[in-house]
Amino acid sequence: MNATELQDYLQVIIENRLHQAVMLWGKPGIGKSSIVRSLCEQNTLQFIDVRLSQLMPSDLRGIPVPDQKMTHWYPPAFLPQQGEGILFMDEINMAPPALQGVAQQLVLDRQVGDYRLPDGWLVWAAGNRSTDRAAVYDMPAPLANRFIHLTLNESVNDFRAYALSTGLHPDVIGFVSFRSDLLHKMHPTNPAWPSPRSWEMAARLHQIGLSIESAVGDACALEFHAFCRLQHDLPDMEAILKGTSTAEFPQEPSLRYALICHLISRSEKSQQAVHCFEWLITQASSEWIQMFVSELVPVLKQRKQYSAFTKNIIGNEKARQYLTLFAGLMMELE
C-alpha cells in the first residue's frame with residue numbers, strides 16, 4: 001500500500017473501532033509512525049508511542065507487589081487508564097523474544113498482569129524487516145498470527161503531497177520529484193542516506209542555509225546542490241504569480257519539477273494560483289498542468305483558498321475552455 005491507501009484503510013478500522021491488532025511493515029524512515037500519529041490527530045484520539053526495544057519485560061507487565069499473601073502487578077504509568085486512542089508499539093520486532101512474549105498477551109487479550117486496556121483503545125504496532133538491514137528478531141508465529149499485517153511502500157506522489165501540505169522547502173520537493181529514485185535509498189555503510197524522514201530533516205537544514213550531507217549523505221547532497229544551482233535559470237516566479245509573465249516554460253525536466261513545486265508553495269492567495277494556472281495553460285503541456293492542479297488542490301484547501309480559486313477559474317473564459325477540453329482536470333477541481 002502507498003500512504004494514501006494505508007490511511008484510508010486504517011481510517012475505516014478507527015471509524016468502526018475494530019479491536020483487531022494491526023501490524024505495519026515497511027522500510028525505515030518512510031513514515032509508519034507519522035501516519036498513525038496523524039490519524040489520531042484527525043480523529044481526536046490519544047496517541048501513546050511505546051518503544052518496546054527500550055523496555056524490559058517487567059517494564060510492560062508491571063512491578064510485583066505483595067498484598068495479603070498474594071502478588072499483584074502494578075502497571076506502568078504509560079499504559080492508558082481511560083479515554084480513547086491508539087496504543088502504538090513501535091519497533092516491536094526489535095524487542096527481545098521475552099518482551100515480545102509479554103506484548104503478545106496485550107495484543108491478544110488486551111491485558112497484561114493485572115492491567116486491562118480500556119475499550120476505547122486500539123493496539124497497533126510497527127516494525128522493519130530483516131531485508132531492510134534492520135537489527136530485528138524473528139516475530140514468534142503465535143504473536144504474528146494475532147495481527148492484521150499491512151505493508152507501507154514509499155511513494156514520491158505521497159511524499160510530495162505531504163511535503164507541500166507541511167511547507168517543506170520547494171527545492172527539496174522539486175529535487176525528490178525529479179529524482180524519485182532517491183526518495184529512499186539505503187546505504188550499506190554510511191549512516192546518512194535518503195528517506196522520506198531524512199528528506200524532511202534535509203529540508204529544515206536547507207531552509208536555514210545549512211548543507212544537507214548530514215541528513216542524506218554526501219553523494220545525494222552533491223546532486224541536490226547541483227540541482228539548486230540551476231535555480232537561476234527559472235522564469236521570474238513573481239511575474240507568474242502576478243499574472244504578468246511572458247516567459248516560456250523551461251525545457252530542462254529538472255527545472256520543470258522545480259518550477260511547479262515553487263509555484264504551488266508560493267501560491268498563498270487564490271488569485272496567485274489562478275495566474276499560475278493561466279500561465280501554464282499557455283506554456284506547458286497537459287501532464288505538467290495536471291501535476292500542478294492535482295498537487296495544488298489539497299494545498300489550497302488547507303490554506304482555505306480553494307473556494308475562491310475554483311470561483312475565479314470557472315469565471316475565467318480561457319481557463320474554462322481549457323478545462324472543457326481536459327475533463328480530468330475538471331474532476332480534480334470538483
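Leaving aside neighbours within four places in sequence, with which residues is H225 in contact? In this predicted model, where contact means heavy atoms within 4.5 Å, H225 is in contact with S211, I212 and E213 once those neighbours are set aside. The residue lies in helix 10, which covers residues 218-229, helices being DSSP runs of H or I of at least four residues and strands DSSP runs of E of at least two, both numbered from the N terminus. With a relative accessible area of 22%, H225 is partly exposed, a class that falls between buried (under 20% relative accessible area) and exposed (over 50%), as evaluated with a 1.4 Å probe and protein chains only. The C-alpha atoms of H225 and H262, which are 37 residues apart along the chain, are separated by 16 Å.

Residues are numbered from 1 along each chain as its sequence is written, and side-chain values use heavy atoms, with hydrogens and water left out. Because the model is predicted, local features need pLDDT of at least 70 and side-chain atom pairs count only at pLDDT 80 or more, whereas totals for chains, interfaces and linings use all residues.

The chain contains 17 helices and nine strands, and its C-alpha trace spans about 85 × 45 × 30 Å along the principal axes. Of the 334 residues in the chain, 49% are buried. Among the contacts between residues at least 6 apart in sequence, 70% join residues at least 24 apart. The accessible surface, obtained by the Shrake-Rupley method with a 1.4 Å probe and, for residues, with only the protein chains shown counted as cover, comes to about 16500 Å², of which 51% belongs to carbon and sulfur atoms. The mean positions of the 28 positive and 35 negative charges are 2 Å apart; here Lys and Arg count as positive and Asp and Glu as negative, while His and the chain ends are not counted, and each charge is placed at NZ of Lys, CZ of Arg, CG of Asp or CD of Glu.

Strand 8, residues 121-127, pairs in the parallel sense with strand 1 over four bridges, two strands being taken as paired if DSSP finds at least two bridges between them. Strand 5 also pairs with strand 8 in the parallel sense, over five bridges, and G85 has W121 of strand 8 as its bridge partner. On the side of strand 1, V22 stands opposite W124 in strand 8, and W25 has G127 as its bridge partner there. Strand 1 is in turn paired with strand 9 (residues 148-151), again in the parallel sense and over four bridges, with I148 of strand 9 as the bridge partner of V22.

In a regular strand the side chains alternate between the two faces of the sheet. From strand 8, W121, V123, A125 and G127 point one way and L122, W124 and A126 the other way, all of them buried. Seven of the seven residues of strand 8 are thus buried, so the strand is largely enclosed by the rest of the structure. In strand 1 (residues 22-25), V22 and L24 point one way while M23 and W25 point the other, and these residues are all buried.

Two residues other than glycine have positive phi values: E91, with phi near 55°, and R110, with phi near 60°. E91 is placed in the loop between strand 5 (85-90) and helix 4 (97-109), whereas R110 lies in the loop between helix 4 and strand 6 (111-112). At 13% relative accessibility, R110 counts as buried.Polar side-chain contacts to the backbone, each a pair of N or O atoms within 3.5 Å in which, within protein, one atom must be able to donate a hydrogen and the other to accept it, and for which residues adjacent in sequence count only if both atoms are side-chain atoms, occur at S177 and T310. S177 lies in helix 7, residues 170-178, and is buried, with a relative accessible area of 6%. Its side chain reaches the backbone oxygen of I173 at 2.8 Å, and, not counting residues up to four places away in sequence, S177 touches V156, R160, Y257 and C261. The C-alpha atoms of S177 and A319, 142 residues apart along the chain, are separated by 26 Å. T310 is found in helix 15, residues 306-314, and counts as buried at 15% relative accessibility; the side chain of T310 reaches the backbone oxygen of S307 at 2.9 Å.
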